[in-house]
Amino acid sequence: MVTFLARRALLALLVTLTVLTISFALTRLSGDLAVSIAGPQATAQDVEIIRKAYGLDRPLLAQFFDWVGSAASGDLGRSYLYHEPAAKLIRERLPVTLTLGLTGLCIALLTAIPLGILAAMREGSLLDRAIMLIAVIGQAMPSFWLGLLLIIWVGLKLQLLPISGVDTWDGYILPGIVLAFSAIPALMRLTRSGMVDALASDYIRTARAKGLSRASIVLKHALRNAAMPVVAVAAVQLGFMLSGSIVIESVFSLHGVGYLGWESISKNDFPVVQAVVLFLAIVYICLTLLADLLNAVLDPRLRAA
Amino acid sequence: MSETLLDVQGLRVRFGGGTEAVRGVSLAVDRGETHCLVGESGCGKSVSALAVMTLLARGATRSAERMAFAGTDLLGLDERGMAKLRGNRMAMIFQEPMTSLNPAYTVGSQMAEVMRRHRGASRRAALDRAAALLGRVGITAPGMRLAQYPHQLSGGLRQRVMIAMALMCDPELLIADEPTTALDVTVQAQILRLLLELQRELGLAILLITHDLGIVARMAHRVSVMYAGQVVESAPAADLFAAPTHPYTRGLLDCVPAPGKVARGAQLGSIPGTVPRIPLGFTGCAFRDRCAQAMPECSGDIPAQTRIPGHRYLCRLPAGWPRDAAA
């Protein structure tokens, strides 16, 4: 178990370093940063002043190590746009993104897992096909469109839930549903296929031969073995929900980290872009690590590996 | 005569594609006896056993004239009623010890849950019983094994765990579906000896499914020989080996190398051809294409004959038909 964890942690560290390098390189590839910061009306002199002021005239390698060094101590640079530390901007927007992502994940898991189990238990039936149809529709439907539909029907016509802002907790429900909708198909299909395999396995025949209850056979013996791929994908989906909710955040006017990232990209606020990319990459890495850990808890065979 | 524990009459199992895997099997297992079900792969032995336990895969349909266990009509039981018997009064072990235990739970938790479910035993009491049974099936350091996961055990150990798990609630009937096929020869012998001892000790009835006549000779009180979904001959073990009557049974026995019986250098017997696929509505003897004694009447209805009381066979030939006359 310790070796397993150590190996995973080392891998995570290497991935973090790679992400650092790539995110730094990408912002430098998007054109002359001094020119875009100075704006279209700036003179060549202004640009030079800005280049000096932000240290952009120094060798790339020096800039890189500077940035990595300060990032390691928690300083992710200052925003040109807000004139505030990038780390503070992220911290302020994090609660919204985190609450939204977790709401979305909870809705997704609570829908996908029961439906996946049900489909597997009735494999080949009309119910199974209906559930899979929902999965296909979910996969095909663009989330902004679903978001607008929900705003029109649930928010405006029926007036059941607020359609923008998160002043109250129920403001998270509609965007949570929209976020969940994109994650449900994959999770549901994985649950279903995992359960179909598990239910056909020899150990399930043994469980039945032992006279165990249906609930114990399905939820204890089959689900535990079917859950591993679901856990791995759920972790990635949560990462996606935390980072990829830009569209949903703008449809529902929520100001989260995704929105911040989008805004800073479009305005060339590169310290914030770097900071957001780094932050989200670390979130992803932590989530993957967490998924590995959970899988090791679920499957004793992994702990020995 | 001892009391019949399991009584099956006219069992039929059909699969979705229109094949009939079991075609009117009748079996009776007495209390405390070992009844061996012998036959080639695919003849319907395992399917018959799974049908008795109501463990058939989805898509299979089962019917029977009668199926009773200790006086309880199994045909009238719903899934819940059947689950109360399974693992409790009738237990089953399988051919695949490597995959029959759940990889995600410890040996102890899988063993304990049987007793907790059927007897409402506490976790502690169930684990104590599990440890005692592991010791009984010859596993040393049972306390340590209880905390281990299946992947940490060898095939032989896993099959011992399966046997111990089957015994958790003191069942009256143990169905063992080729319990030693996946194990190497020395472990096979140990497992069979163990089953014999347990039977003597606990008065267990065993329905042992095998294709190995050596095992039958060591274990069986009564033997039923299956071919293409039917029991073609059924007799007390001694009687079957002394006077095999169905041509298939004789063919099977000829395939076994017996010291002293088969001359050195002489060729072992074999049965030509393979087991046919039996289409729905098939009539007559399924063995006729491979049988040296086949006659035109074999495609009609085949009478069940009695050689002596307790020894029945499904063939038109008279009981004492001479082996070499027709061949």
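Helices here are DSSP runs of H or I with at least four residues, numbered from the N terminus. With that in hand, let's work through this predicted model together.

**Exercise 1. Place Leu61(A) and decide whether Leu61(A) is buried or exposed.**

Step 1. Start with the secondary structure: Leu61(A) belongs to helix H4 of chain A.

Step 2. Recall the cut-off: a residue is exposed if 12 or fewer other C-beta atoms lie within 10 Å of its own.

Step 3. Apply the cut-off. Leu61(A) has 8 C-beta neighbours inside 10 Å, so Leu61(A) counts as exposed.

Step 4. Add a long-range distance. Gly147(A) is 86 residues from Leu61(A) in sequence, and their C-alpha atoms are 44 Å apart.

**Exercise 2. Do the same for Leu81(A), and find which residues Leu81(A) is in contact with beyond its sequence neighbours.**

Step 1. Leu81(A) sits in the loop that joins helix H4 (60-72) and helix H5 (86-121) of chain A.

Step 2. Buried needs 20 or more other C-beta atoms within 10 Å, exposed needs 12 or fewer, and partly exposed lies in between. Leu81(A) has 16 such atoms, and is therefore partly exposed.

Step 3. Once neighbours within four places in sequence are left aside, the contacts of Leu81(A) are Ser264(A), Lys267(A) and Asp269(A).

Step 4. One of these will return in the next exercise: Ser264(A) is part of H12(A), on the side that meets H13(A).

Step 5. For a sense of span, take Tyr203(A): this residue is 122 positions from Leu81(A) along the chain, with 60 Å between the two C-alpha atoms.

**Exercise 3. Describe how H12(A) packs on H13(A): at what angle, and with their axes how far apart?**

Step 1. Helix H12 covers residues 257-266 of chain A and helix H13 covers residues 270-298 of chain A. Their axes lie 8 Å apart, at an angle of about 145°.

Step 2. The handedness of this crossing is left-handed.

Step 3. From H12(A) come Val257(A), Leu260(A), Gly261(A), Ser264(A) and Ile265(A); from H13(A) come Val272(A), Val273(A) and Val276(A).

Step 4. Sorted by character, this contact has 6 nonpolar residues, 2 polar ones and no charged ones.

**Exercise 4. Repeat the analysis for H5(A) and H10(A): which hand does their crossing have?**

Step 1. The two axes approach within 10 Å and cross at roughly 145°.

Step 2. This crossing is right-handed.

Step 3. The H5(A) side includes Thr97(A), Gly101(A), Gly104(A) and Leu105(A), while the H10(A) side includes Val218(A), Leu223(A), Ala234(A) and Gln237(A).

Step 4. The contact of H5(A) with H10(A) divides into 11 nonpolar and 4 polar residues, with no charged ones.

**Exercise 5. Summarise the fold of chain A, and compare the model with the transmembrane regions in the UniProt record.**

Step 1. Count the elements: chain A has 14 helices and 0 strands.

Step 2. Look at the overall dimensions. The C-alpha atoms of chain A fill a box of roughly 85 × 55 × 30 Å along the principal axes, and 39% of the 305 residues are buried.

Step 3. Check how the contacts are spread: of those with a separation of 6 or more in chain A, 71% join residues 24 or more positions apart.

Step 4. Turn to the record. The unreviewed UniProt entry places "transmembrane region" features at residues 98-118, 130-152, 172-190, 230-252 and 272-294 of chain A.

Step 5. Test two of these against the model. Residues 98-118 of chain A are 100% helix, with end C-alpha atoms 30 Å apart; residues 130-152 of chain A are 91% helix, with end C-alpha atoms 26 Å apart.

**Exercise 6. Which helix supplies the largest share of the side of chain A that touches chain B, and how confident is the prediction there?**

Step 1. The contact takes 18 residues from chain A and 24 residues from chain B.

Step 2. On the chain A side, H9 (202-209), H10 (214-243) and H14 (300-304) each supply at least two residues. The largest share, 6 residues, is that of H9(A).

Step 3. The chain A side divides into 5 nonpolar, 6 polar and 7 charged residues.

Step 4. Among the elements of chain A, H9(A) has the highest mean pLDDT (96), and H2(A) the lowest (78).

Step 5. Finish with the model as a whole, which scores ipTM 0.89 and pTM 0.85.

Terms used:
Residues numbered from 1 in each chain as written. Chains lettered and ligands numbered in written order. Predicted model: local features only at pLDDT ≥ 70, side-chain atom pairs only at ≥ 80, totals over all residues. Contact = placed C-beta atoms within 7 Å. Nonpolar A, V, L, I, M, F, W, Y, C, P; charged D, E, K, R; others polar. Axes fitted to C-alpha atoms, helices over the stretch in contact; angles between N-to-C directions. Left-handed = near helix turned anticlockwise from the far one by under 90°. UniProt positions renumbered as here; feature names shortened; annotations may be inferred. pLDDT = per-residue confidence, 0-100.
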